[in-house]
Amino acid sequence: MRQLECSVPMPQLSSEFKELFAQEYPNEANALFQCLEETSPGYAIRLNAVKSERYGYSLDHLQIEAAVPWYKGGFTLTERPVFAWDPLWHAAGYYVQEASSQAISQVKSLLPSEPIKALDLCAAPGGKASLLSSILPNGSLLIANEPIPKRASTLVENIAKWGYPETIVTSVFPEQLASCGILFDLILVDAPCSGEGMFRKSISAREDWSLDTVALCSSRQKKILDSAFDMLRPGGLIVYSTCTFNRRENEEQVAYLHSKGCDEVALEIPTEWNWVQTSTSSYHLFPHRLNGEGLFFAVLRKNAKCGEKRLKDLSKTATQSPKVPYKDWILDDRFLLGAIYALEGGVHFLMSESVECVYRSLCQSDIKPIFAGIPLAEKKGNGEIPHSLLPLSMQFSMMAFDSCSLEYEDALRYLSGAALSIESKQRGLVTLTYQGIPLGFGNRVGQRINSNYPKSYRLKLLP
């Protein structure tokens with residue numbers, strides 16, 4: 001285990017926290033306290049399997065330590081690089097996500113083979129939402145919701161870059177989403193919590209912790225679970241998780257769901273993973289037992305005896321269908337059966353039939369998604385151009401535009417918004433790649449290529 005590497009001294013653990021944890025987990029207390037006081041957090045990433053298979057880039061530049069046992073494609077690192085200086089990170093070739101958080105992937109064994117509707121109710125910054133998209137049955141729809149606008153903007157960036165084509169991003173409170181009548185087969189509630197699992201990373205997490213905070217979080221979590229329960233189809237699964245340790249925010253919330261009409265679901269977890277099981281479906285991943293931070297999660301199924309709401313009937317209305325050249329930009333004819341909608345800001349999104357149906361249901365309930373499907377085109381002057389994030393979609397066709405491969409330094413300069421000096425007799429849009437994976441579009445003008453990378457995402461500092 002790594003020794004503590006922190007230039008700023010961490011505050012001592014709260015005596016109230018230590019007393020509470022020792023009371024609830026007497027056999028784990030001393031080892032956890034020593035771990036939190038004397039060791040530093042681990043680092044891990046999660047591979048974008050779809051992009052990796054398609055583009056074949058390498059992660060050899062990262063100091064990979066070991067595979068994450070519970071997720072194929074997850075890797076722990078021996079050190080934390082400056083991810084902002086890695087073009088593969090910007091292109092969502094991988095996502096930075098600590099190993100414990102990847103544990104929710106184990107719900108995959110409980111999912112059917114046919115497409116489902118899934119919801120990540122508290123989704124920012126997008127790590128668990130992108131993980132869900134990687135384990136859902138092919139063709140499944142995912143809504144990623146984040147009530148706080150600033151955090152929702154970060155969620156949109158990460159979802160857009162990850163590229164799963166059947167994701168909708170909303171920014172409303174859970175009770176607003178519950179009012180629209182959509183029922184889900186799988187709901188993830190990664191609930192706001194007191195953050196005890198952040199004690200190795202965050203000074204503020206230690207300083208802000210109190211028993212009052214625990215009580216406040218517990219109350220808030222119950223309200224979120226009320227909305228989640230209402231949106232869950234009878235027989236559907238709910239995954240509840242936090243990055244905290246105490247029973248009030250964890251096991252007591254599972255008991256609350258049980259009292260509402262949910263049954264715990266058992267998972268087959270190898271003992272060598274060193275998870276601590278506290279009930280049929282509840283697991284703690286403690287940092288002193290494995291190479292990861294604190295995580296609690298549980299899986300429950302809504303009792304089939306619970307009544308089911310009816311989803312309002314939706315009549316399909318005429319919309320703009322994909323046309324030339326749009327249809328040449330996208331892989332898989334299934335998406336060409338969908339429709340194009342213009343969201344706020346003049347961005348045109350291509351939506352599959354399943355995304356369109358849910359999108360329209362949300363709009364009829366006065367919920368305006370801020371991202372939906374594939375970002376296809378955006379306004380420029382009196383016309384439209386391909387959207388700057390289109391190349392990052394998993395459905396983007398590399399055959400649609402000329403491409404130009406960049407070396408490391410030029411890739412970072414492009415990501416910073418700088419023009420590149422590359423001789424070419426061609427003019428117009430070109431897909432710029434690094435190690436084969438698309439970074440975005442550039443515009444060839446004479447002896448240079450101007451960067452079309454979104455200004456709000458641009459790299460602020462070069463190495």
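These legends accompany close-up views of a predicted model.

**View 1. Strand 21 and its cover.** Let's start with strand 21, which spans residues 437-445. Seven of its nine residues are buried, leaving the strand mostly covered.

**View 2. Strand 20 meets strand 21.** Here strand 20 (residues 428-434) runs antiparallel to strand 21, and seven bridges pair them. To find your way along the ladder, look for L432, whose bridge partner in strand 21 is G440. The two strands make a hairpin with two residues between them. In that turn, Q435 has a positive phi of about 55 degrees.

**View 3. On to strand 22.** Strand 21 also pairs with strand 22 (residues 448-451), again in the antiparallel sense, and this pairing has four bridges. V445 and R448 of strand 22 stand opposite each other. A hairpin with two residues between the strands links this pair too, and G446 in the turn has a positive phi of about 60 degrees.

**View 4. Inside the largest nonpolar core.** This core has 111 residues. Those with the most contacts inside it are L186, V189, W275 and F297. Strand 13 (residues 295-302) gives the most to this core, contributing six residues.

**View 5. The neighbours of L186.** Zoom in on L186 and you will meet its contacts from elsewhere in the sequence, leaving aside residues up to four places away. Among them are V107, L111, I116, L132, L136, L232 and V239. K117 also touches L186.

**View 6. A second core.** Separate from the largest core is another nonpolar one, made of 16 residues. Its members include L20, W209, F245 and F286.

Definitions and conventions:
Residues are numbered from 1 along each chain as its sequence is written. This is a predicted model: local features need pLDDT of at least 70, side-chain atom pairs count only at pLDDT 80 or more; totals for chains, interfaces and linings use all residues. Side-chain values use heavy atoms; hydrogens and water are left out. Buried means under 20% relative accessible area, exposed over 50%, partly exposed in between (1.4 Å probe, protein chains only). Two strands pair if DSSP finds at least two bridges between them. A nonpolar core is a set of buried Ala, Val, Leu, Ile, Met, Phe, Trp, Tyr and Cys residues joined through side-chain atoms within 4.5 Å. Contact means heavy atoms within 4.5 Å.
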